[in-house]
Amino acid sequence: MSCAMRSLDSSMPRHSYRNGLPDFDLESCDLREGDVVDGKYRVAGRMGSGEMGTVYAAWDLQLGTEVAIKALRPEMLENEDAVERLRSEATAASRIASEHVVRVVDAGSLATGAPYMVMDLLQGQDCAQILDECGPLPIDQAVALVAQACAGVACAHALGIVHRDLKPSNLFCVR
């Protein structure tokens, strides 16, 4: 496939540091480049945002590896169901061991109380982007991608976990 990979938003503003830690914008509750989450992860940039959460690229400061952090969107903090859904998603996803499901390696709460989960940072694109950029896929590629998604869903179902939002933008093609 010759589709280009999405890059981090390098236009994010830099901000000041106090005592070696970045200021945290409590008004917007958004993470910014340079913010440190739980003393463990330094945010590199915002990757994207969905209905409930925002995903950030970050560095695991102890291991020196790239990770992705999904945090609940600030406006969702008042919604107890949304808060619980993200926490449940992290717990459930951490139980699934499949090459077709992103690995969840940590979870917690931001200073604002917003839950977050830490996952492997995948290189590639979601299927919606691929379809937008490349158009319909050849049938053999489409079948292969759907079969892999089904394998991941089957692993979840074997644990009693149901994915509530299967759609192209939630399926990721790793390079």
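The exercises below walk through the fold, sheet and cores of a predicted model.

**Exercise 1. Outline the protein chain: how many helices and strands does it have, and in what order do the elements run?**

Solution.
- Start with the count. The protein chain holds 3 helices and 10 strands.
- Next, read the order from the N terminus: β-β-β-β-β-β-α-β-β-β-α-α-β.
- Then look at burial. Of the 175 residues in the protein chain, 34% are buried.
- Turn to the contacts with a separation of 6 or more. Pairs 24 or more positions apart supply 49% of them.
- Finish with the surface. About 10,400 Å² is exposed, and 53% of that comes from carbon and sulfur atoms.

**Exercise 2. Trace the open sheet: which strands form it, and which are its edges?**

Solution.
- Write down the strand order. It is E3-E4-E5-E6-E8-E7, 6 strands with antiparallel pairing.
- Find the edges. Strand E3 (36–37) and strand E7 (104–109) each pair on one side only.
- Check the E3 edge. E3 and E4 are antiparallel and joined by 2 bridges. Val36 has Arg42 in E4 as its bridge partner.
- Add the helix. H1 packs on the sheet and touches E6, E7 and E8. The directions of H1 and E8 make an angle of about 30 degrees.

**Exercise 3. Follow E5 through its two hairpins: how many bridges join it to E4, and how many to E6?**

Solution.
- Take E4 and E5. They run antiparallel, with 7 bridges between them.
- Inspect the turn. This hairpin leaves 3 residues between the strands. Ser49 stands opposite Thr54 in E5.
- Move on to E5 and E6. Their antiparallel pairing spans 8 bridges. Tyr56 stands opposite Ile69 in E6.
- Inspect this second turn. The hairpin of E5 and E6 has 4 residues between the strands, and Gly64 takes a positive phi near 70 degrees.
- Ask how covered E5 is. Of its 8 residues, 6 are buried, so the strand is mostly covered.

**Exercise 4. Map the largest nonpolar core: which residues touch the most other members, and which elements give two or more residues?**

Solution.
- Begin with the members. The largest nonpolar core has 27 residues.
- Pick out the hubs. Val37, Tyr41, Ile69, Leu72, Leu110 and Tyr116 touch the most other members.
- Assign the elements. Those giving two or more residues are strand E4 (41–49), strand E5 (53–60), strand E6 (65–72), helix H1 (80–95) and strand E8 (115–120).
- Zoom in on one hub. Beyond four places away in sequence, Leu110 touches Leu31, Val37, Ala71 and Tyr116.
- Look for a separate core. Another one, of 5 residues, lies apart and includes Ala92, Ile96, Val101 and Ala156.
- Set this against the general trend. In soluble globular proteins, nonpolar side chains tend to be buried together.

**Exercise 5. Classify Asp126: is it buried or exposed, and which backbone nitrogen lies 2.8 Å from its side chain?**

Solution.
- Place the residue. Asp126 belongs to strand E9 (residues 124–126).
- Apply the cut-off. Buried means under 20% relative accessible area. Asp126 has 10% relative accessibility, so it counts as buried.
- Identify the partner. The backbone nitrogen of Gln129 lies 2.8 Å from a polar atom of the Asp126 side chain.
- Combine the steps. Asp126 is buried, and its side chain has a polar atom 2.8 Å from the backbone nitrogen of Gln129.

Key: Residues are numbered from 1 along each chain as its sequence is written. This is a predicted model: local features need pLDDT of at least 70, side-chain atom pairs count only at pLDDT 80 or more; totals for chains, interfaces and linings use all residues. Side-chain values use heavy atoms; hydrogens and water are left out. A nonpolar core is a set of buried Ala, Val, Leu, Ile, Met, Phe, Trp, Tyr and Cys residues joined through side-chain atoms within 4.5 Å. Buried means under 20% relative accessible area, exposed over 50%, partly exposed in between (1.4 Å probe, protein chains only). Contact means heavy atoms within 4.5 Å. A polar contact is a pair of N or O atoms within 3.5 Å; within protein, one must be able to donate a hydrogen and the other to accept it, and residues adjacent in sequence count only if both atoms are side-chain atoms. Two strands pair if DSSP finds at least two bridges between them. Axes are lines fitted to C-alpha atoms, for helices over the stretch in contact, and angles run from 0 to 180 degrees between N-to-C directions. Accessible areas come from the Shrake-Rupley method with a 1.4 Å probe; for residues, only the protein chains shown count as cover.
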